[in-house]
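I opened the notebook to record what I looked up, one topic at a time.

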Amino acid sequence: MLNSHASKGANWVRVDFHLHTPGSCSFSLPSGLSLERDQDKDKIVDLYIERLVQQNIRIAAITDYNGIRIEWFNRIREKAREKGIVIFPGAELSFAETGKYGLHIIAVFPLNADVKGINRAIYSLDREPSKELIGPDGQHRDIMPNDHVAVTLKRLRRELNAILIISHPNDTNGLFKSLRPQDAAQFLKDVEPDAIENLREQDISRLISTGLFLKEDLKRVASVEFTDPKSIDDIGAKTRPDGLLRATYLKLSDFEDLDAIRLALHDPEVRLRIGGQIPTYDYTRLLSVEIQGSGFCGGLQVNLSPELNTIIGGRGVGKSAFLELVRYALDIEPFFSSDYRQGLLQHALRSGGKVVLNIERVFNPSVRRIYRIERVWAEPPRVFELTSDQQEEEVELSPRDVLGDGQLPLFFGQREIYEITRDETKRLRLLDDIVGRTTLEKRRILEELKEKLRQNARELIYLTNQLANKEEVQNRLREVEHQIDLYEREGLADKLREITFLDRDEERLKQIEIILPQVRKNWTELQGSIVKELERVAQQTREAESARKQLVEDAGCVIKELHSTLVNLLQQGAEEIAKTEDCLNDILKIWKEARRSIDEDLQRIKQELGTHSLDPDQLKKLTIEQMRCRKKLEDLDDVEKKLKEKLEDRKHLLRNLRDIRYEMFQLRQQRAKELSDRLKGRVRVEIIYKGQIKEFAEQLRNLLNGSRVESRSITRICEKESVDGYQIALAVREQKVAEEFGITNAQALRMSSWFEQNPEALYELELLIPEDLVTVYLSLDDKEIPLEKLSDGQRATAIILLLLTLEERWLMVDQPEDDLDNRFIYDDIVRLLRDQKNKRQIIVVTHNPNVPVLGDAELIIALEALENKARIVNLGSVDKKAVREIVKHVMEGGEEAFHRRAEKYGWPF
């Protein structure tokens, strides 16, 4: 695991370019310290640096009046370096004869500039350069410029590469106090300062009123808030009248390059913030990626920016593979699979290779969790949570479970956007991904309902089959009862029934007769085993030999007594069994005598019945069959009742199915409207309810495979507006297919016959509902043109615009510029990327330099291939000189992209 997730790209850092030191006479010393003692000077510097650390100021400029107090500057710079704080040389230039009260301008110089040379240059601005600007007591005199101040400042910038900042413009020596609005506006146009301190809304209004500035012009002017401390306690702690901290944050990847600071000041929209704290990222994001193993990408390791990341490099350096490995680790299904993608992954990882992701999951601003997701090639991903005590605990969840459907990235590999433009089902999947968890939850419910309906269909078919012979059972019962009725009419049923009862009682007597011999046998065997065992044990006691043999012999006597008692009891039992057998024999003799007369009566009845063809044995069979038929009919009545319940269940489930399906449409429709509103007429998304007719027709053809229903008839059925399987099934049951859908009677009969022979198919038909159709319109020359009538590039334009309006989901996309006009990237994509960077994380693989340069990527990852391995050449933002050079040399049109940026933001690269 990476030890830190801090990105090497541009990060927010607090800066203060208006700091004074005890070298200025206006600076108050801490109590008890004196400038006369060296040890006190060291103590002052320690307190000074400690204050910078406390206020989280990482980059500063010492800007004492009219020159650098070299002793103090060197002391502070060296001590600050130990704490990782960068201190630039600078000065607050105090000009006389400029307006009513004079003018103060902050100048900040490159880090390694010659401080003595800076002082000489400042002195040269005065009419009398040999005359001291700073007295021994730290007092300064105003500079009497030997030229117009604007010309003087531009020369200072040109010769020393200085950054110029208008300081406290509303104070006595400030721009707006000393100069009239018209003169102040002209001064700003002439000097083109890099920033203005404490620029207020009323100042902007006054400048616009002069007619020299438009509001859009002033949006590009950096308004900064610095401390201007008069004591150590003031450093980083002063507040504005509205109570907010006077603090400025710049987004930088190079802290030591003044040009990087200049770039940030000239792009205040995305690179500058003022106020009390660093902007936070309250959204889920990928912190880092590490790829292990012997594959092509093995060894790559990078901490990502929470904002815009771009991966650049020549062909075949692993850019797409890097992105696909992230998707592989997250187990995100691509919009289309390909052998190329699979081969790319295998080459990038190889056997045993592993991808490790660290992700911050933001539940709300105060609840965040860090997860590590790792996946070894050809194995499922594993998820670990970083616990509060900095330990890792594996969780039995998938990446999707951990992140939630609404937090998984929107991910598009090479050509996937192109595929989405051409495939209705993929466009719908994209929209559902955009809608997020709500639609996915509805889809889950929909699938559960379908499965319940399929189970219901199986039960209905089973119950229906059970009821198939109900009429046959009813007919047989009527026949049996008719035959029994013949016996009743002859008055013989009661007699025969009595004979039946006697037969049953005789059977019971026979059971008793059989059981008694078995009882006698078991008793005899028990008697023998018990007696023999007791005799054996008693014999052993008579053989005792020890000194205590008397006790053994006493035990033998006890056994002998038991033996004697049991022998008597067993003998009594044998006698009781014998008595019982005698009694039973007497009873059986009496029964046989009684039975003889009953049998004679039975024989007489049979003789009497001979002329009527009525068999008493048959009556017995009929009576039994009657009982069985009645029981079966009772069971079938229960089946019929259950069938009705299942049919009612099905109606309820089908209603729910159609309701959920319509709710999905409404969610999609609502989201489509939101997206269209965001795109303000550039792109419009429309949802057509149950509009994917082609796919629905194909599903119906599959269901009717073997029915001999013609394809054109199926097409005709599906062409009916808002048709679905439920409506078709209803028409089949009501024999109205031809009437409802305008097909021939012969075709309708074939369809009805098919479903009659295949009831399970009819039930499945009820579940078929066409998917909604996502139609996208792109506005060209004030006309809305549907996706199907656009060129490939225009289609991709519409989809990418759609994706870039989404601010809720982390976005990863591979080469979005494919098939796109470069003008579109410059005008639309770059604008949207800049607007969204602090709202979600974006990771882009690109060959187009406008994306990282004009999009102002916080992190540019430059890859190259060396010895069949991908490696990172450099990291950083465009404020880093080495990264700028890579962009210019590796990306076609890189130089032009920087020129465009310079035109837009007013600073040449």
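The entries below cover two helix pairs, one sheet and one residue of this predicted model.

**Entry 1: α4 and α6.** I looked up how helix α4 (residues 149–160) sits against helix α6 (residues 181–191). They pack at an angle of about 25°, and their axes are 9 Å apart. Angles under 35 degrees count as roughly parallel, so I noted α4 and α6 as roughly parallel to each other. Their crossing is right-handed. On the α4 side I listed Val149, Ala150, Leu153, Lys154 and Arg157; on the α6 side, Phe187, Asp190 and Val191 make the contact. Sorted by class, the contact of α4 with α6 has five nonpolar residues, three charged ones and no polar ones.

**Entry 2: α21 and α22.** Next I took helix α21 (residues 693–703) and helix α22 (residues 711–718). Here the packing angle is about 135° and the axes lie 10 Å apart. That makes α21 oblique to α22. The crossing of these helices is right-handed. From α21, I wrote down Ile693, Phe696, Ala697, Leu700 and Arg701, which meet Ser711, Ile714, Thr715, Ile717 and Cys718 of α22. The class count for this contact is seven nonpolar, two polar and one charged.

**Entry 3: the sheet.** Which strands stand at the edges of the sheet? I started from the strand order, which is β17-β21-β22-β12-β23-β24 in an open sheet of six strands with mixed pairing. The edges are β17 (410–412) and β24 (870–876); each has a single partner strand, so one side of each has no neighbour in the sheet. On average, neighbouring strands here are turned by 15° against each other, direction ignored. I then checked one pair: β17 and strand β21 (residues 811–814) run in the parallel sense and share three bridges. In that pair, phenylalanine 412 stands opposite valine 813 of β21. I also found helix α30 (residues 881–890) lying across β12 (308–312), β23 (859–865) and β24, at about 125° to β24.

**Entry 4: leucine 802.** Is leucine 802 buried or exposed? I located leucine 802 in helix α27 (residues 792–804). Its relative accessible area is 4%, and buried means under 20%, so leucine 802 is buried. Leaving aside neighbours within four places in sequence, I found leucine 802 in contact with Leu675, Leu679 and Val685. I also looked up its distance to alanine 468: the two are 334 residues apart in sequence and 57 Å apart in space, C-alpha to C-alpha.

Methods. Residues are numbered from 1 along each chain as its sequence is written. This is a predicted model: local features need pLDDT of at least 70, side-chain atom pairs count only at pLDDT 80 or more; totals for chains, interfaces and linings use all residues. Side-chain values use heavy atoms; hydrogens and water are left out. Axes are lines fitted to C-alpha atoms, for helices over the stretch in contact, and angles run from 0 to 180 degrees between N-to-C directions. Helices (H or I, at least four residues) and strands (E, at least two) are DSSP runs, numbered from the N terminus. Angles under 35 degrees count as roughly parallel, over 145 as roughly antiparallel, 65 to 115 as roughly perpendicular and the rest as oblique. A crossing is left-handed if the near helix is turned anticlockwise from the far one by less than a right angle, and right-handed if clockwise. Contact means heavy atoms within 4.5 Å. Ala, Val, Leu, Ile, Met, Phe, Trp, Tyr, Cys and Pro count as nonpolar, Asp, Glu, Lys and Arg as charged, and the others, Gly among them, as polar. Two strands pair if DSSP finds at least two bridges between them. Buried means under 20% relative accessible area, exposed over 50%, partly exposed in between (1.4 Å probe, protein chains only).
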